[in-house]
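Reader: I am new to this structure and would like a close look at one part of it, with the surroundings explained as you go. Please take a single side chain and tell me what it touches.

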Amino acid sequence: GHEVTGIDLSGKMLAEARNLAKELGLEITFLQENAQETGFADETFDAVVTRNLTWTLPDTKKAYEEWKRVLVPGGVLVNFDAAYGKINYAAEAGKLDEAHQALPERLTIACDIIKGKVSISRQMRPKWDIQVLKECGYENVVCEENAQEQIYGKKAEEAPLFMLTGRKPENPYRQLETSVVDTLKEG
């Protein structure tokens with residue numbers, strides 16, 4: 001009963017998503033978009049949901065800001081991710097979960113090179129994400145650090161999946177009011 005729009009930068013991933021939606025009988029609009037700079041108008045979506053995305057972005061804070069822009073007042077961000085940047089996939093190949101053990105060595109090496117180039121790999125996650133979401137003006141920021149166990153019924157073998165949620169304020173002046181009160185408390 002929801003109108004769903006899925007985006008990805010990769011045309012191949014979009015083709016896979018379209019095929020899966022068709023198999024499941026779902027009507028979903030898929031668009032090739034950059035998660036950090038979408039072409040959507042302000043206040044377009046009630047919710048933005050991401051999975052295993054933020055750890056790959058060149059500028060995750062920019063993405064968090066963009067997602068807040070496209071959310072309606074009171075809209076919610078739900079971000080599932082993990083501190084994948086802390087894992088050396090090539091060196092730990094034998095210790096990884098089944099999905100990652102099946103990857104060819106060239107892909108684990110490529111993964112390590114790519115994640116080494118994005119700054120979020122050097123952050124303490126999800127602590128960093130929580131702070132950035134608050135800085136971006138999200139309210140009610142909550143982190144469920146055991147999302148892996150809740151969703152799949154088992155603990156993560158490598159990086160635990162976390163679920164971050166935050167809301168765009170209903171009152172656009174609330175963020176200003178909050179920052180003024182915080183400044184007065186500090187001063």
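Author: A good place to begin is Lys115, which is found in helix α4, the stretch of residues 105-117; helices here are DSSP runs of H or I with at least four residues, strands are runs of E with at least two, and both are numbered from the N terminus. The model is a predicted one, in which local features need pLDDT of at least 70 and side-chain atom pairs count only at pLDDT 80 or more, while totals for chains, interfaces and linings use all residues. Residues are numbered from 1 along each chain as its sequence is written, and side-chain values use heavy atoms, with hydrogens and water left out.

Lys115 counts as buried because its relative accessible area is 8%, where buried means under 20%, exposed means over 50% and partly exposed lies in between, with a 1.4 Å probe and protein chains only. Its side chain reaches the backbone oxygen of Ile87 at 2.8 Å, and a polar atom of that side chain of Lys115 also lies 3.4 Å from the backbone oxygen of Gly85. Both belong to the polar contacts, which are pairs of N or O atoms within 3.5 Å; within protein, one atom must be able to donate a hydrogen and the other to accept it, and residues adjacent in sequence count only if both atoms are side-chain atoms.

For the setting of this side chain, the protein has 7 helices and 6 strands, and read along the sequence they follow the pattern β-α-β-β-α-β-α-α-α-β-α-β-α. Of its 187 residues, 35% count as buried. Among contacts with a separation of 6 or more, 70% are between residues 24 or more positions apart, a contact being heavy atoms within 4.5 Å.

Another helix gives an example of such a separation in sequence: Ile130 lies in helix α5, residues 127-135, and its C-alpha atom is separated by 7.6 Å from that of Leu164, 34 residues apart along the chain. Leaving aside neighbours within four places in sequence, Ile130 is in contact with Val141, Cys143 and Leu164. Ile130 counts as partly exposed because its relative accessibility is 22%.

In helix α1, which spans residues 11-24, one finds Leu20, and this leucine is partly exposed because its relative accessible area is 47%.
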